[in-house]
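Q: Hey, can you walk me through this protein? I'm new to reading structures, so plain answers please.
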Amino acid sequence: HFMYLLVNVVQHRWSAKSISQRIEGIQALLQVLDFLLPTEAYHYLPQIMATINAAFSRGPSNPSSMHDQLSFLAVELLSAFLKLMAPTHWEIIGQNLTSVVVSLIPTLSDDDGDDGLVECRKIAVSLLVWLTQGELGTRLAQYFAEIPFVPSSPELDPFRASLRSLGIEIDNLIRVPSVSSWQDALSRTSASDSGSTGGDSQGAPSNAAEQHAIRRRLDTI
């Protein structure tokens, strides 16, 4: 019955719905979460994530205030759903942690001072901090090590501090070459190309670990 509601009442013909109908759908889903058994919740994570990502997509013709309300409800839904899952299926949250964090980036990156977005951002940051605290945070630490980046903003300082307490510096998890190191390498390559036609590749970036790191980050993103 929960899947029926999720698909047929909330997701069906989503793009054709008005913004107010989308808001009503997310509100209904939030109410029905109270009837979902925690041990069964993990089955619906892919559909919940798809619904949340759809809610974050902004249409050009929709009023911004209503979109802010929809985004607010979507973050509330994600927070409530993950808290329902966590006691019994924290490892599935870990396996999907990158998708969770990436889905929240639209709410974390916007510098708009609108009250609706500010409240939405507060819930998103609160959710991220909750995921890093207590026994759950200890369990999820290994999965946070796979996240490629989070936006730089003062609101996320508590999140970074919580990760730091777990021994994770998220801004340096996947090290990539600095701009200057690449410029130096390109200069050496250019000099080598102009001075020799013998196919000498010593001027090219040769650090296999750095090349692997930047490829891994791009693949993850």
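A: Sure, let's start at one residue: Leu218 has a relative accessibility of 59%, so Leu218 counts as exposed. Keep in mind that this is a predicted model.

Q: Which helix is Leu218 found in?
A: Leu218 is found in helix 10, which covers residues 208-220.

Q: And how far is Leu218 from Pro148, in sequence and in space?
A: They are 70 residues apart in sequence, while their C-alpha atoms are 8.4 Å apart in space.

Q: OK, zooming out. How many helices and strands does the protein have?
A: There are ten helices and zero strands. Reading along the sequence, you get the pattern α-α-α-α-α-α-α-α-α-α.

Q: How much of the protein is buried?
A: Of the 221 residues, 39% are buried.

Q: What about contacts between residues far along the chain? What share joins residues at least 24 apart?
A: Take the contacts between residues at least 6 apart in sequence: 69% of those join residues at least 24 apart.

Q: Let's go to the start of the chain. Which residues of helix 1 are buried?
A: Helix 1 runs over residues 2-11, and its buried residues are Phe2, Leu5, Leu6 and Val10. Looking down the axis of helix 1, you'd find these buried residues within an arc of 95°, so they line one face of the helix.

Q: Why would residues that aren't next to each other point the same way?
A: An α-helix has 3.6 residues a turn, so residues three or four places apart point the same way.

Q: Nice. What covers those buried residues of helix 1?
A: The cover includes helix 2 (19-32) and helix 3 (45-56).

Q: Take helix 2 then. At what angle does it pack against helix 1?
A: The angle is about 170°, and the axes are 10 Å apart. That makes helix 1 roughly antiparallel to helix 2, because angles over 145 degrees count that way.

Q: Which residues make that contact?
A: From helix 1 you have Phe2, Leu5, Leu6 and Val10, and from helix 2 Gly25, Ile26, Leu29 and Val32. Sorted by class, the contact of helix 1 with helix 2 has seven nonpolar residues, one polar and no charged.

Q: And helix 3, is it roughly parallel or antiparallel to helix 1?
A: Helix 1 and helix 3 pack at about 20°, with their axes 11 Å apart. The two are therefore roughly parallel to each other. Their crossing is left-handed.

Q: Which residues meet there?
A: Phe2, Met3, Leu6, Val10 and Gln11 in helix 1 meet Gln47, Ile48, Ala50 and Thr51 in helix 3. The residues of this contact divide into six nonpolar, three polar and no charged.

Q: Switching topic: what's odd about Arg13?
A: Arg13 isn't a glycine, yet it has a positive phi of about 55°. Most residues other than glycine have a negative phi.

Q: Where is Arg13, and is it buried or exposed?
A: You'll find Arg13 just after helix 1, in the loop between helix 1 and helix 2. With 57% relative accessibility, Arg13 counts as exposed.

Q: Back to helix 3. How do its axis and that of helix 4 cross?
A: Helix 4 covers residues 64-95, and the axes of helix 3 and helix 4 come within 9 Å and cross at roughly 160°. That makes helix 3 roughly antiparallel to helix 4. This crossing is left-handed.

Q: Which residues meet in that one?
A: On the helix 3 side, the list includes Leu45, Ile48, Met49 and Phe56. On the helix 4 side, His67, Leu70, Ser71 and Phe81 are among them. By class, the contact of helix 3 with helix 4 has 15 nonpolar, two polar and no charged residues.

Q: Ser71 caught my eye. Is it buried or exposed?
A: Ser71 lies in helix 4 and is buried, with a relative accessible area of 4%.

Q: How far is Ser71 from Asn53?
A: They are 18 residues apart in sequence and 9.4 Å apart in space, C-alpha to C-alpha.

Q: Last one: where is Asn53, and how exposed is it?
A: Asn53 sits in helix 3. Asn53 is partly exposed, with a relative accessible area of 35%. Its C-alpha atom is separated by 10.0 Å from that of Val75, 22 residues away along the chain.

How values were computed
Residues are numbered from 1 along each chain as its sequence is written. This is a predicted model: local features need pLDDT of at least 70, side-chain atom pairs count only at pLDDT 80 or more; totals for chains, interfaces and linings use all residues. Side-chain values use heavy atoms; hydrogens and water are left out. Buried means under 20% relative accessible area, exposed over 50%, partly exposed in between (1.4 Å probe, protein chains only). Helices (H or I, at least four residues) and strands (E, at least two) are DSSP runs, numbered from the N terminus. The arc is that of the directions from the helix axis to the C-beta atoms. Contact means heavy atoms within 4.5 Å. Axes are lines fitted to C-alpha atoms, for helices over the stretch in contact, and angles run from 0 to 180 degrees between N-to-C directions. Angles under 35 degrees count as roughly parallel, over 145 as roughly antiparallel, 65 to 115 as roughly perpendicular and the rest as oblique. A crossing is left-handed if the near helix is turned anticlockwise from the far one by less than a right angle, and right-handed if clockwise. Ala, Val, Leu, Ile, Met, Phe, Trp, Tyr, Cys and Pro count as nonpolar, Asp, Glu, Lys and Arg as charged, and the others, Gly among them, as polar.
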